Amino acid sequence: MIRTSLNPILHFTLWISLMLSISGCTNNSLYTEDFSDTFDWSKATVYFVMTDRFCNGDSANDVNYGRRVDYGSEQMNAATFHGGDWVGMLQKAKEGYFANLGVDVVWITDPYEQIHGWMTGSGEVNDFPHYGYHGYYPLDYTQTDKNYGTVEQLHALVDTLHAQGIRVMMGANINDPGYPTLLDALQYKFAPVPVKTEAEATEHIKDWNYNVWYATSENWERWWTNEWLRLGKDCNCNDQLTCTLYGLPDYRSDKTVAVKIPQFLKDKWTAEGSDNDAYTWQAIKDLRNDRDAAPLDYVSSWIAAWVEEFGFDGFRCDVVEYTEDWRWHQLYDKCDSALVRWRAAHPDDPASKWISPMFFTGDHEDAFITYLPEYAKAGFSSMVNMKFPKDGNLNTIVGTWQQYSDSLNAHTDWWPFSYLNNAYFRESDPNRAFECATSFVLSPGAIQIFYGDEVGRQMSDAKYNVDAAQAFRSDYDWNNRDLSLMEHYSKLCAFRKYHPAVGMGVQKTLDSTTCIRTHNSDIVVIKVMPPTNTPINLGGAFADGTEVINAYTDEVCQVHNGTITLTKPSGTVALIAK
């Protein structure tokens, strides 16, 4: 049954669940709900979790691979591993955090084993050691990073979220592996290093220059090799498809002839033997053999294996303009087929009943909501919208919403995917958090909430570093949360979840602060900055005599002469529905 209204009883149930979650109690009343009947990727509410910074559920896995996590200050620890893991995320999922917030997709950072050592924090400046805590520096696609957790723990997290009707996304990067580091080179003997011990390799060497070391070192044939990567003269800085992004090693994505798996990976797997069985699984181990495959044939097969093992529902793909469209299409086809096989192999899992295909969105420099047919053909449904207004200006947002609704309803295979903040940008005005949330959560199309935005997560002292973006990725402080802001997000997300018209409806703008959205039989009126004790024009959305509810305050009103009059203050928005 399609839910097309948020009645007072249901709203009260959601509110009680939220309060129980805030108080630390567990409430299971929502877990038995079947949310899949109203889900559509075009209106998805996505919660982007940076795993390492969200919740530390198991302190025993905080230090691995010889990594160092403490360099003496918050600024120096800006890009070390901080301890967040899947055990912590699972704990919060079981408490109902994601379900009670009202999100229907959780996006976790790339789960692959990351490079072990550090890279210079800000290129030539090198003011702090930068580890791969964010998942963007893959070393080994065939097993989980021990700092995040085991295969069993990831299974438990994905299965729990699926049981709550929540899809799970992860990151996919096929443009480059992680940087070579002193620690990795020392451990796997793929290049000469100026240090003798792992402890020395993890020291932050202020005057160490990655580019000089990489350019002048020899004997790299045991690393990814020139067969896999464009190195030095092979890179063309004037061509996105053949350049190195931020100095990261660049896969030869256009290559179609077979290559062998790099020797350092073979040595790594041999040395590990069965010791790492908790972090890998047999089907992906079977993909560790040389075969008739080009570099990205291997990588796409490794990534698709995660879908077939865990049932991931979607991917955010990094820097898509740096890799050929046909390679993204190849990855999409492999992952979509893997998801079909996962569903067939798990008939008792509630997620096996879902029929939506694999979801792909991507980061593309300066992307907006513009339809990009070449990427739609490659399997993408959107590009992450870099241009959503972040100022919380409610005087102009209805016009923006109209533009987004028109775009969404012009294409069946493409829609906006917007954010306020993400891993690279902290752009919203923290002094207008309620207004920003209102303009954002009620936007047509899919939206991505960055972890902790809903509770006013603060920036860390990394804001004083040259690479201040690390401060955007501060730890979620579970002892310091703005619960009034969380309540605001929860109300908006609940309305969005239970009213398909909010995310995917056709909008009719009544005036600069009022609009109607309609999807099939679902009709809502959204009024930003609603007045109290003054008639609000509903534009004929509901007949006279109809009882409607402002779902934000649970105030019930009767339509009279095409208007309603609210007596309860509603803050930044009134959410009107039958």
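The exercises below work through one helix, the cysteines and several aromatic rings of a predicted model.

**Exercise 1. Helix H15**

Task: Compare the span of helix H15 with the expected span, and state which of its residues are buried.

Solution:
- Step 1. H15 covers residues 397-410, which gives it 14 residues.
- Step 2. From the first C-alpha to the last, the helix reaches 20 Å. At 1.5 Å a residue, the expected value is 20 Å, and the two are close.
- Step 3. The buried residues of H15 include the aromatic residues Trp-401 and Tyr-404. Also buried are Ile-397, Val-398, Thr-400, Gln-402, Ser-405, Ser-407 and Leu-408.

**Exercise 2. Cysteines**

Task: State how many disulfides the structure holds, and explain why Cys-335 and Cys-557 are without a bond.

Solution:
- Step 1. The number of disulfides is zero.
- Step 2. The test requires two cysteine sulfur atoms within 2.5 Å.
- Step 3. For Cys-335, the closest cysteine sulfur belongs to Cys-317 and lies 7.8 Å away, which is too far for a bond. Cys-335 is buried, at 0% relative accessibility.
- Step 4. For Cys-557, the closest cysteine sulfur is that of Cys-515, at 18 Å, so this distance is also too far for a bond. Cys-557 is buried too, with a relative accessible area of 9%.

**Exercise 3. Aromatic pairs**

Task: Give the count of aromatic pairs, then classify the pair Tyr-47 and Phe-54 and the pair Trp-328 and Phe-380.

Solution:
- Step 1. Ring centres within 6.5 Å make a pair, and planes over 60 degrees apart make it edge-to-face. The count comes to 51 aromatic pairs.
- Step 2. Tyr-47 and Phe-54 are 6.2 Å apart, centre to centre, with 70 degrees between the planes, and the pair is edge-to-face. Tyr-47 is buried at a relative accessible area of 0%, and Phe-54 is buried at 1%.
- Step 3. The ring centres of Trp-328 and Phe-380 are 5.9 Å apart and their planes stand at 75 degrees, so this pair is edge-to-face.
- Step 4. Trp-328 is part of helix H13 (residues 325-345), while Phe-380 is in the loop between helix H14 (373-377) and strand S12 (382-385); the pair therefore ties together parts 52 residues apart in sequence. Trp-328 and Phe-380 are both buried.

**Exercise 4. Lysines over rings**

Task: Identify the ring whose face lies under Lys-92, and the one under Lys-491.

Solution:
- Step 1. Lys-92 is placed over the face of Trp-478, 4.0 Å from the ring centre.
- Step 2. Lys-491 is placed over the face of Tyr-552, 4.5 Å from the ring centre.

How values were computed. Residues are numbered from 1 along each chain as its sequence is written. This is a predicted model: local features need pLDDT of at least 70, side-chain atom pairs count only at pLDDT 80 or more; totals for chains, interfaces and linings use all residues. Side-chain values use heavy atoms; hydrogens and water are left out. Helices (H or I, at least four residues) and strands (E, at least two) are DSSP runs, numbered from the N terminus. The expected span of a helix is 1.5 Å times one less than its number of residues. Buried means under 20% relative accessible area, exposed over 50%, partly exposed in between (1.4 Å probe, protein chains only). Rings of Phe, Tyr and Trp (its six-membered ring) pair if their centres lie within 6.5 Å; planes under 30 degrees apart count as stacked, over 60 as edge-to-face and the rest as tilted. A charge sits over a ring if NZ of Lys or CZ of Arg is within 6 Å of the ring centre and within 35 degrees of the ring normal.
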